[in-house]
Structure formats: C-alpha cells, structure tokens
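Visitor: Could you take me in for a close look at a single strand and what sits around it? I'd like to go through it slowly, one piece after another.

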Amino acid sequence: MTSVIIDPIVKKKFSYGPNNDQFGHLYRSPTDQKLPVMVVIHGGYWQHTTDLDDYPTKAIVEHFQNHNLAVWNLEYRRMNVQGDNVTAPWPAVFEDVAAGLDFLYYIEEVANLDLNKVLLIGHSAGGHLAAWANSRDQIKPHSELYRDHFLRPKHTISIAAVLDFDGAHNLSQPHQVERLMGGTKVDWPLRYAASDPTQLAHGQASICLVHGGLDEDVPISQAQSYVAHSSNENLTLEEMPTAGHFGMLPTDEQPAPYWPQLITLINSALARL
C-alpha cells in the first residue's frame, strides 16, 4: 500500500480498490487531533448511473463535515439500473462495503483517525449494508464474506433499511434482492445466510434502526420484525410515525420533517463514542 499524505483540506478522495467506483471522500477538519469517524453509506445499490453526491445521505455529510470528526462518505459498485447485473454481481456490493470500511486501517495514522470511535450510518440500501456490516462478526467462516479481522463500528444507525430478504415481496422493488444476490434463497442459501441482516441479528453490537411508519418502499414491519426476532440487547428502534422512505433526509426537492430528530439521534450516538 502506497503511503498517503493528508493535506489540510476539507475533502480528499481515496481509492480502496482498482474499480472506478471503489473510493470514498474523506472530510476532515484541519487539526492535529485524532478524530472519531463517521462512515456514511448511501442507498440505491441498483442505480449505477447516479453520482455519489446525488444521494439523500449527502445531507448528513454536509451537516457533519465541519464538525470535530472525520466523515468517510463511501462509494461502492452498484448494480445496473436495467438488464442483467453485470456491473456488480454478488458479492461485489458486500465486498466493496467491507473493503471500504477496512481501508480506514490503511489511512488510520496518516489521517489521524480514532478507529475505536466509529459511527456507521446508512440509508435504504445503505441502511441494509450498514446493518450487515454491523453484524460481520456473525458471518460463518465458510462464507465468502467471512473475515477474521475487520473494522467494528462502535455504533450503527440504519435508516429505512431493507432488513429481511424473506420479506422482499413487500418491497416496492422486490426483484432487486434477487438481482443483488444472483438468484433466490433456494438457489444460494449460504449467500443469503451471510448477507441477510435478519439472519445475522444475534450479536451484541450497538445498532439503532430508524424507520418511517408511512414508508412505502420498505415497510416498517421489516424493522419491527428484526427487533422482535433479535437477541441483541443493544438494538433499538426509533419509529417516525408519519415519515415516508425519505422523510428523515432533506433534498433539494423536498424538506424532511424528521430531519431535526435524526440529527438529535446522530449527535447522541456521537456523544457516546
């Protein structure tokens, strides 16, 4: 790994792999202080034509990038919008998120990061990937996704997440799960066991689920069921009764009535790092 020098700038791009989509933007205050890290994972893993900064999660990045912490806005290979998934066939999406997180070990010293204080946040498909990454200690050694050494977030906030692949029929785009996984659960039971947050929900890592009661893309029943069937005592659910799928994140087109509540949740998690 080539050594990297961090200049005192607000934003720097790092590549964690050879593919054009294997990179992240690191936002860091120009200080010599070792900083905690907020990792942000956007949604839309079937939207290969969309740029990193176009996702609603940019609101989180923009709000917190000037705080006294480092923000790692993670990109990953995404599936083709239409047709066969040749751009990011399984396990590309999972491997990229894992590699993008673990890449922080390579720049820990030069970027002066405190990797004992990591907050992981994801929305929608990114919420699924955050919940999955939060539970990597539950992946069995025979899986292609197993790693014996990986970055463990101290807290995770999973927003409007796909959490249960068995409930894919209730999603607004149910076919995307099979495209992501390269087939059905009958076809690939071991893949699903290592990729489905519901099947990895029995660890003790700290995770907060945030979900809207009026979410028509991913029903809130996924989050409620996840909590009901998990033995994790550090798992909580914040229900936002009148929020839709994007009700927590403001965009240029729409306000987000629950944005202040989400900011409060994130600040509370940061205070506990």
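Guide: Happy to. Let's start with strand S2, where both faces are covered: Phe23, His25 and Tyr27 are buried on one side, and Gly24 and Leu26 are buried on the other. Bear in mind as we go that this is a predicted model. The split into two sets fits a general pattern: in a regular strand the side chains alternate between the two faces of the sheet. S2 itself spans residues 23-27, and with 5 of its 5 residues buried it counts as mostly covered.

Now look at who lies alongside. Strand S1, residues 11-15, pairs with S2 in the antiparallel sense, over 5 bridges. Strand S4, residues 70-74, is also antiparallel to S2, and 4 bridges join those two. Tyr27 is a handy place to see both pairings: Lys11 has Tyr27 as its bridge partner in S2, and Val71 in S4 stands opposite Tyr27. So much for the strands, so let's move on to the helices.

Helix H3 covers residues 125-134 and is mostly covered too, with 10 of its 10 residues buried. Among those buried residues are His128, Leu129, Trp132 and Asn134. Keep Trp132 in view, as it leads to another helix. Ala98, which sits in helix H2 (residues 92-102), touches Trp132 and also Arg136, leaving aside residues up to four places away in sequence. Ala98 and Arg136 are 38 residues apart along the chain, yet their C-alpha atoms are separated by 9.0 Å. Is Ala98 buried or exposed? Its relative accessibility is 10%, and the cut-off for buried is under 20%, so Ala98 counts as buried.

Asn134, one of the buried residues of H3, takes us to the last stop, the empty space inside. Rolling a probe the size of a water molecule over the atoms shows where empty space is left. Here the count comes to 2 cavities of 30 Å³ or more. The largest cavity holds about 50 Å³ of space. Its lining is made up of 13 residues, and Asn134, Ser135, Leu200, Gly203 and Asn232 are the ones that lie nearest its centre. Sorted by class, that lining has 7 polar, 5 nonpolar and 1 charged residues.

Methods: Residues numbered from 1 in each chain as written. Predicted model: local features only at pLDDT ≥ 70, side-chain atom pairs only at ≥ 80, totals over all residues. Heavy atoms only, no water. Buried < 20%, exposed > 50% of the residue type's maximum accessible area, 1.4 Å probe, protein only. Contact = heavy atoms within 4.5 Å. Pairing = 2+ DSSP bridges. 1 Å grid on protein atoms, 1.4 Å probe; cavity = no way out; pocket = protein on both sides within 12 Å on 5 of 7 lines; lining within 4 Å. Points joined across faces, edges and corners; volume = space filled by probe spheres on them. Nonpolar A, V, L, I, M, F, W, Y, C, P; charged D, E, K, R; others polar.
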